[in-house]
Amino acid sequence: MHDDRRLVEDRLDRVLRERIRPAVHRTTVPLGVEVWHVPGEPVPVAEGLAAPYEPARVGDVWGRAWGTSWFRLTGAVPADWAGTQVEAVVDLGYDAGPGFSAEGLVYRPDGTAVKGLHPRSASVRIAAPAAGGEPVTLYVEAAANPLIEGPVTLLGDTETAPPEPMYRLRRADLAVFDPDVWELTQDLDVLGELMHELPMDTPRRWDVLRAIERALDALDLDDVPGSAAAARECLAPALAAPAAASAHQVSGVGHAHIDSAWLWPLRETVRKVARTCSNVASLMDDHPEFVFAMSQAQQLAWIKEHRPEVFARVKEKVAAGQFVPVGGMWVESDTNMPGGEALARQFTHGKRFFLDEFGIETEEVWLPDSFGYTAALPQLVKLSGSKWFLTQKISWSQTNPFPHHTFWWEGLDGSRVFTHFPPVDTYNSEFSGQEMAHLVRNFRDKGSANRSMVPFGYGDGGGGPTREMLARALRLRDLEGSPRVDIEKPAEFFAKARAEYPNAPVWVGELYLELHRGTYTSQAKTKQGNRRSEALLREAELWAATAAVRTGFTYPYETLDRIWKTVLLHQFHDILPGSSIAWVHREARRTYARVAEELETVIDAAQRALARGAGPGAGGTVVFNAAPHERGGIPAMGGAPAGYRAVGRAVSAGERPDGGFVLENGLLRVTVDRRGLVTSVYDIAAEREAVAPGSAANLLQIHPDLPNHWDAWDMDSFYRNTVTDLTSADEVLLTHKDDPVLAAVRVVRSFGSSRVEQSLTLRAGAKRLDIETEVDWQEREKLLKAAFPVDVHADRSAAETQFGHVFRPTHTNTSWDAAKFEICAHRFLHVGEPDWGAAVVNDSTYGHDVTRTVREDGGTTTTVRLSLLRAPRFPDPDTDQGVHRFRYAFVAGAGIAEAVREGYRINLPERSAPGDAMVVPLVAVDHDSVVVESVKLADDRSGAVVVRLYEALGRRADFRVAAGFPLASAVAVDLLERPSAEGSAPYEVSGDQAVALSLRPFQIVTLRLVPAVR
């Protein structure tokens, strides 16, 4: 019997490949071919249609890497084809799978987009049925997108890609489509894959095998079209056998996971989206049961702008209920590294786009491919008005299988969101037999639940679902040996899944991906651009809103809206993580520079208006503090004349007898030895040493960094087996020796082909050592870390995340603990004992690790390290090469409250503007654990002030929010600035223009403050 099975499988494979599939388009005539090669970047459709075409033919080469060629295909349907279904079949020369090869979009002469072309969908319907004699003219905008493969490639940028053509036009025909042969192909595909997956000893497997055998016997190999119906009759009983009553229930959702940038630039994604949306709209015309879900408002905004005729088709299908916007975010963002306010704005801008364009309140947060999920997300999901969360990437974890597929996910503040993680383990399903069998075996909630989702369709520009996938889904609707398949909307799946499994298990905290840990560090300038842009946006909104209320300054609504969308786009999960081609990151650096320049202009104009006050202003300088905490006499989120600035005790500096220097400011005494290493940071008030005995802080270390897979994405744990400490110094020099405000030591080191220059600075009144680092990084496949061994016994670390912090173990008790050998932190990472601790704060670094060792004296050293730079070769062979500048600081004697404060301060340095006015903050809070995250004017342009704040220390807080202006009313709103379901009644405003609030640990509240009419 085993031999029979293999014999039938091999026979089926060959007959399908050599006889049946070719017979689907058996009768053909060639189309005439003309071509225009675009000399530069892609052109508008009208220009492509009107271009000067030249004669061409099948077999011609075309397309340098990233180039575009327009093909004009002409012909006529033969008269004797009347009554048949006629299609054009075009092979652009595909050499890889959908989304990773040449792609095309077909247009009619009037500029109407028809359908995308890719390796698995190369046909375009001409007539069904044909009258015979119809003239045919099609235009194909063909994109020569290269296949980007490692370990090193120059194809990832137009500046390095070779100029030679990459593709050869292989086919351009009119063909008769044979529906009987096509249907037979689908029958055999489904039953053949089912047979292969069924256990050997089940009668059903052998029933299917014999049915296939009979069908192949009935097929005339010399006349496949003429015998297809007879072969199908042999298969009909096997296809009609119903599924078992206990069969797993699959909700199929059409999908096309399109990375907004990855192995292609942003501009190509615009075209990938147009091709895919054209495909699915065309498919919906023939299949009214077909439902397609699409996330990422940015992608729909692109086609609205660049392909309005495609967007019109999308709106038509949205209205029909077939095209379903999901996700509620501007892009499928990384969620580890975007700041809290940015993550909130992902929902604000995403959901508002879907509401404005389609009148749809999206309820599903759709993030299948991001590289782990912050514990702040459940609360933000709820505050955005969404209900459900979907992920797939957790299936990629290397060490520990995630224990659930359907569960409640609980975030930092206790908010819970119903979550599904499809057991099919792909967001690009084809409804294959292997996938269906895998999801049933893999489903981890058996016995309690019996339902899962399958997102199906080719992604990455592959065009989404195909008619073949819909045919498989139809056959799998009720088929013995397989799960039942229904195509339906995501919301329908989630409602059914929750009703079936209301008491699903709870997962508390972050969804840490045990893979792709290098994404916290790769492409440092992209990450720095993001962090800097977030800080500048905070300042621009804060000072523009303050100036608008105080001086009548014109609030730049359009400018801020546009810049926010640009920054949110670059938080996409292959841009901010550093896992895109060189072209993407080259453009990102330029974009961040433009963003910074524009925001600096807004900030400067608003601060100048505020510094002058109501009049022209006099001589002097006003110091501005954008941080949410008071700083040296300057109020939080306010400003004061420079004379109000409190400096603190003067800093002293002196040489040590054995070389090196000692810096002191009355709070800390810092020792830097002759190697330029920090051997002591002494907390004077606590009478406690921060640096572990025999160790040195700010120790730069180099590791080899060649992961087994996924260069830019991964860091494998074995990198730690080899380390080189950078202890040799070219120069150790005391600077600012006689400056009472600060003292600094300049340290220069050379290593490999690189050079690093650091300034170790102690400032008056500061309980932190600032370290400014400039690295000329010329290493390859190396990792640069900065180590701070702290003399504390800490079994966990606290890392800032959005709107709070998360605790992670510093030990490796379990495989779950050990897997977190590289972690993400935002502005601070803290370790400590109950009464004393230390923090490392930074202005642009995300990757960290924390380890514990027991010393010979019995004490414990807890070492915090920042991951500063990597140098992977794929997909960008020059990742991080060049000059980088970082700021980080070591804060001694710090609790988490101090870590929060210093983290904001290092990211929001003071500014000054000419003038002499006192700038009273628009809002102030009176509790040290409550942080104001943003202050802005309301998006509805009513003049109301919107304030977002949160509890930062993980404890309850009763406090007051005081407005710096006459206050008419105050109400809690959601992220879209609508009255929130929870606590939407207006707060009572006291006589001193304040409202009283209570927050639970890590709770976020957004307030709408309406000024009283003057």
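Biologist: Let's fix the classes. Ala, Val, Leu, Ile, Met, Phe, Trp, Tyr, Cys and Pro count as nonpolar, Asp, Glu, Lys and Arg as charged, and the others, Gly among them, as polar. How does the lining of the largest cavity divide by class?

Modeller: This is a predicted model. In it, the lining of the largest cavity has 9 nonpolar, 7 polar and 9 charged residues.

Biologist: What volume does that cavity have?

Modeller: About 280 Å³.

Biologist: Which residues lie nearest its centre?

Modeller: Gly339, Glu534, Ala535, Arg827 and Glu933. They belong to a lining of 25 residues.

Biologist: Which element gives the largest share of that lining?

Modeller: Helix α14, with 6 residues. Elements that each supply at least two are α9 (340-358), α14 (524-551), β37 (796-801), α18 (896-907) and β47 (930-937).

Biologist: How many cavities of 30 Å³ or more turn up in the whole structure?

Modeller: The search finds 6. The second largest has a volume of about 70 Å³.

Biologist: What lines that second one?

Modeller: Its lining includes Asn336, Thr374, Glu510, Arg808 and His826. Two or more lining residues come from each of β37 and β38 (804-809). By class, the second lining has 4 nonpolar, 4 polar and 3 charged residues.

Biologist: Switching to salt bridges. How many are there?

Modeller: The structure holds 90. In general, side chains of opposite charge can pair when their charged atoms come close.

Biologist: Which residue does Arg911 meet in a salt bridge?

Modeller: Glu539, at 2.8 Å, N to O. The two sit 372 residues apart, with Arg911 in strand β45 (residues 911-914) and Glu539 in helix α14.

Biologist: Are Arg911 and Glu539 buried or exposed?

Modeller: Both are buried.

Biologist: What about Arg901 and Glu902?

Modeller: Their side chains form a salt bridge too, at 3.4 Å, N to O. Glu902 counts as buried because its relative accessibility is 7%, and the cut-off for buried is under 20%. Arg901 is partly exposed, with a relative accessible area of 25%.

Biologist: And Glu18 with Arg17, what's the N to O distance?

Modeller: It is 3.6 Å. Glu18 is partly exposed, at 36% relative accessibility. Arg17 is partly exposed as well, at 46%.

Biologist: Which residues do shared partners join into one network?

Modeller: Glu41, Glu103, Glu141, Arg267, Glu268, Arg271, Lys272, Arg275 and Arg307, joined by salt bridges.

Technical notes:
Residues numbered from 1 in each chain as written. Predicted model: local features only at pLDDT ≥ 70, side-chain atom pairs only at ≥ 80, totals over all residues. Heavy atoms only, no water. 1 Å grid on protein atoms, 1.4 Å probe; cavity = no way out; pocket = protein on both sides within 12 Å on 5 of 7 lines; lining within 4 Å. Points joined across faces, edges and corners; volume = space filled by probe spheres on them. Helix = DSSP H or I, 4+ residues; strand = E, 2+ residues; numbered from the N terminus. Salt bridge = Lys/Arg side-chain N within 4 Å of Asp/Glu carboxyl O. Buried < 20%, exposed > 50% of the residue type's maximum accessible area, 1.4 Å probe, protein only.
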